[in-house]
Amino acid sequence: MTVRESGPPLTGEVDVVIVGAGFSGMYLLYRLRALGVRTIVFEAASDVGGTWYWNRYPGARCDVESMQYSYSFSPELQQEWHWQEIYAPQPEILRYAQHVAERFDLRRDIRFETRVERAHFERARCRWEITTDRGDRVMARYCVMATGCLSAARVPNFPGRERFRGPTYHTGHWPHEEVDFSGQRVGVLGTGSSAIQAIPVIAAAAAAVTVFQRTPNYSIPAHNRPMPVEYEAMWKARYPELRARAWETRNGIVCDLNNQSALDVDDETRRKIYEDRWAAGGIPFMAAFNDLIVNQEANETAAAFVREKIRAIVHDPETAAKLTPTSYPIGTKRICVDTDYFATFNRPNVTLVDVREAPIIAITETGVETKDAHYACDALVFATGFDAMTGALNAIAIENDKGESLREKWAAGPRTYLGLMAAGFPNLFMITGPGSPSVLSNMMVSIEQHVDWIVRCLADLRAQGAAGIEASAEAEDSWVAHVNEVAHKTLYPAANSWYMGANIPGKPRVFMPYIGGVGVYREICEKVAANGYEGFHVLAPVAAAAE
């Protein structure tokens, strides 16, 4: 089957349909080609990149170091690509994705500007029927959802939003052309990771910025800088060793792990460790001690340190107090990494509005009205996050042979086996789905691990002449219970985070990712495969299934 940029709808049959051409979809396509598997990819965007195609907001940047947020499958690719900064900005990551697509000639099997609307399983033929908004109708033995964990942008339904006269933007679906905020009064709604990156950049250009905050966030300085030659050389010389180390860690990131409790050292030693971590910057701050996510007393020592830093940076005590998180443990919401976020509130053109104290009543034609005041705005930026992990999947009508939709199955919260498959939906795989480490990890590490497992599985099934594979209900029940048991041994459920679906009204409160760690999870997956795909039903050979 030849994929065209435009033209009549596609029909016919392939072995695998992949939904999404981000980093997971591209790598899976690369691996399946090597197996000689007929594959087509459907992608809603006009090019590759996934999250990094859409998230073009000012200041967008990865919070995992560039040398680690990259593919490991090709030694040549690792050596030839040169990252410009310690933490790569969005344009550079998108260029990397485009380079990968070009280097491995991936685009010829990707159908761009095409959104999958429905996936229906026919058990008699053991095939998925995939239909798109462009009229494509393709049959495939396997369907793999590479739709991403943070790809379904969420805009709260504020009353009057459609009446606003000025331009509105969402950080997750930013225009491709440059947005010039010079001389404008900009309202930014939200203070999550995207807002924390965008606000300093917007404030440097705009006449005035009003930030509407519901929940303050803990954030650690990135201390980003140009890539040191010697640091890059060290990584490239030791990539095999360092990648292997990353696979065994909790979050897929190589960093200096301190195997001490925060409560086992004196105050002076503890403070020095936190100061050193703050000076180094980034996510590894949370590795300062080994019990910050499981022990409330230990966690409070880190939280108190960061609160003190916020108060020292922000000049106005009232603003500092509003920016200081107190209602949840540090790290139980996504730990943010910033460049001058807190210092931005010292600028005379930046105003902070606490919408817990003064809730937003409506969006008006000229701005935002809260309980206490009206704030005139020329433009609005919705930094309101995503329907994480399940939103992109639930946006597709995924139905099994019994007429049950995945959306219905997940009405009380997502249920999977290993975050790879859902019982009752044969031959449907998910990459970094709910119940896997995914968003709690370096996504590149988790993507490669899932793709490698799926490819091994498909190769084994082909060797057996099997019609496919299906997760058992019993294995799914056991895995869901395990995911919840492990989560509740930590402090994570104490926060109303998007990990719990708390940012979506009416969404069930279920801790979605697996917190047991990348290394532990990898071992579990390897054991399952080695034991003949324990917990899965391997479907009857094709010849027998047709009889």
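The questions and answers below look at one helix, one sheet and the enclosed space of this predicted model.

The model is predicted, with local features needing pLDDT of at least 70 and side-chain atom pairs counting only at pLDDT 80 or more, while totals for chains, interfaces and linings use all residues. Residues are numbered from 1 along each chain as its sequence is written, and side-chain values use heavy atoms, with hydrogens and water left out.

Reader: Which elements do the buried residues of α15 pack against?

Author: Helix α15, a DSSP run (H or I, at least four residues) numbered from the N terminus, covers residues 518–530. Its buried residues (under 20% relative accessible area, 1.4 Å probe, protein chains only) include V518, Y521 and C525. With contact meaning heavy atoms within 4.5 Å, the buried residues of α15 pack against α6 (229–248), α13 (443–464), α14 (473–487) and β20 (536–541).

Reader: Why is one side of β13 and of β15 left without a neighbour in the sheet?

Author: Strands (E, at least two residues, by DSSP) pair if DSSP finds at least two bridges between them, and here three strands form an open antiparallel sheet in the order β13-β14-β15. One side of each is left free of a neighbour because β13 (360–363) and β15 (374–376) stand at the edges, each with a single partner strand.

Reader: What is the bridge partner of I360 in β14?

Author: Strand β14 comprises residues 367–370 and runs antiparallel to β13, to which three bridges join it. Within β14, the residue bridged to I360 is T370.

Definitions and conventions. The expected span of a helix is 1.5 Å times one less than its number of residues. Buried means under 20% relative accessible area, exposed over 50%, partly exposed in between (1.4 Å probe, protein chains only).
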